[in-house]
Amino acid sequence: MALFKASRIEGVTGRSEVSVFEEEDVEAARKLFAGPVSFLKSAPTLEFIPDPTVPEVAFAGRSNVGKSSLLNALTNRNGLARTSNTPGRTQELNFFEVGEPMRLRLVDMPGYGFAEAPKDMVKRWRFLINDYLRGRQVLARAFVLIDSRHGIKPVDNDIMDMLDAAAVSYRVVMTKADKIKATDLEAVAARTAETIRKRAAAHPDLILTSSEKGMGIPELRAAVLEAIATT
Ligand SMILES: Nc1nc2c(ncn2[C@@H]2O[C@H](COP(=O)(O)OP(=O)(O)O)[C@@H](O)[C@H]2O)c(=O)[nH]1
Ligand SMILES: [Mg+2]
């Protein structure tokens, strides 16, 4: 059984906290994302979300965590998801279609946790996300993005609470791994893995990524494909 180990690291405790994938699964995922990917629509409320005809995989994270960059790296398309330094501009669910014929939709969830967010905006965000997570039958898995430099913050715990409560399985993805030293990355990965082990709906292993360097992107693609494999 061939394992894909390009970005595997051993945690400080000596065990691996990082997911490994079989080479053939990584290759199948690479092929899928090398094919057609297109933006479908933005939905400010649930009335506007597309008919649930294919499985969905959602991406959540604090604003500025690197979500747009990661979606672009994942899909191999530079301008698919807009990157910016102005947090909290979008409060919509963005849907992207992958494959021909379409295999799945990627859902870019609105970023959270920016400092100047007005209270009613935060409230609207909570309602939208909760309704989507609780009501979406085709939602196969969520990916929760955590900045490697900061680790899990209270706002990240909020979204993971919502996912646990809605019984939506999710995986934690560390972003911007190129921004810190390898030893610090190991430490933050070990700490993060330890924290999520206590969570009901979380996958125990992490995926370490850098959109800038392409690190962990093949694994993330494989994890997306794995998420819809049983649906
Ligand atoms: N060094 C580095 N910078 C990144 C990476 N991913 C995103 N960034 C930068 O972080 C900022 C926010 O990224 P963006 O993708 O817009 O984050 P979003 O708000 O979560 O969608 C931008 O300036 C990106 O260039 C990464 O993997 N490495
Ligand atoms: Mg963004």
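User: Hi! Is Asn64 buried, partly exposed or exposed?

Analyst: Quick heads-up: this is a predicted model, where local features need pLDDT of at least 70, side-chain atom pairs count only at pLDDT 80 or more, and totals for chains, interfaces and linings use all residues. Residues are numbered from 1 along each chain as its sequence is written, while chains are lettered from A and ligands numbered from 1 in the order in which they are written. The rule is that a residue is buried if 20 or more other C-beta atoms (placed from the backbone) lie within 10 Å of its own, exposed if 12 or fewer, and partly exposed in between. Asn64 has 19 C-beta neighbours inside 10 Å, so we call Asn64 partly exposed.

User: What is the phi of Asn64, and where does that residue sit?

Analyst: Let's place it first: Asn64 is in the loop between strand E4 (56-61) and helix H2 (67-75). Those labels are DSSP runs numbered from the N terminus, with helices being H or I runs of at least four residues and strands E runs of at least two. Most residues other than glycine have a negative phi. Asn64 is not a glycine, yet its phi is positive, about 80 degrees.

User: Ala167 has a positive phi too; is Ala167 buried or exposed?

Analyst: Ala167 has a phi near 55 degrees and belongs to the loop between H4 and E8. Count its C-beta neighbours inside 10 Å and you get 10, so Ala167 is exposed.

User: Which peptide bond is cis?

Analyst: Most peptide bonds are trans. Look in the loop between strand E5 (93-98) and strand E6 (104-108), where Pro101 lies. With omega near 0 degrees, the cis bond is the one from Glu100 to Pro101.

User: In what order do the seven strands of the open sheet come?

Analyst: Two strands pair if DSSP finds at least two bridges between them. In this sheet the pairing is mixed, and the order is E3-E5-E6-E4-E7-E8-E9.

User: Which strands stand at the edges of that sheet?

Analyst: Look for strands with a single partner, because one side of such a strand is left without a neighbour in the sheet. That picks out E3 (37-43) and E9.

User: Which strands does E8 pair with?

Analyst: On one side, strand E7 (residues 139-147) joins E8 in the parallel sense over six bridges, with Ala142 opposite Tyr170. Strand E9 (residues 202-208) is also parallel to E8, over four bridges, and there Tyr170 has Ala202 as its bridge partner. The partners are E7 and E9.

User: Which helices complete β-α-β units with E8?

Analyst: A crossover is right-handed if, with the strands pointing away from the viewer, the path from the first strand over the helix to the second runs clockwise. E7 and E8 form such a right-handed unit with H4 (residues 154-166). E8 and E9 form another with H5 (residues 182-196). That gives you H4 and H5.

User: How many residues of E8 are buried?

Analyst: Check both faces of the strand: Tyr170, Val172 and Met174 are buried on one side, and Arg171, Val173 and Thr175 on the other. For E8 (residues 170-175), then, the buried count is six of six.

User: Which residues have the most contacts inside the largest nonpolar core?

Analyst: In soluble globular proteins, nonpolar side chains tend to be buried together. A nonpolar core here is a set of buried Ala, Val, Leu, Ile, Met, Phe, Trp, Tyr and Cys residues joined through C-beta atoms within 7 Å. The largest has 61 residues, and those with the most contacts inside it are Val57, Phe59, Val144 and Leu145.

User: How many C-beta atoms surround Glu56 within 10 Å?

Analyst: Glu56 is in strand E4, and its C-alpha is 5.8 Å from that of Leu106, though they are 50 residues apart along the chain. Contact means C-beta atoms, placed from the backbone, within 7 Å; beyond four places in sequence, Glu56 has contacts including Leu104, Val107 and Val138. Glu56 is buried, and the number of other C-beta atoms is 25.

User: How many of the 13 residues of H6 are buried?

Analyst: H6 covers residues 217-229. The buried ones include Ile217, Leu220 and Val224. The helix is largely enclosed by the rest of the structure because its buried residues number eleven.

Definitions and conventions: The expected span of a helix is 1.5 Å times one less than its number of residues. Two residues are in contact if their C-beta atoms, placed from the backbone, lie within 7 Å.
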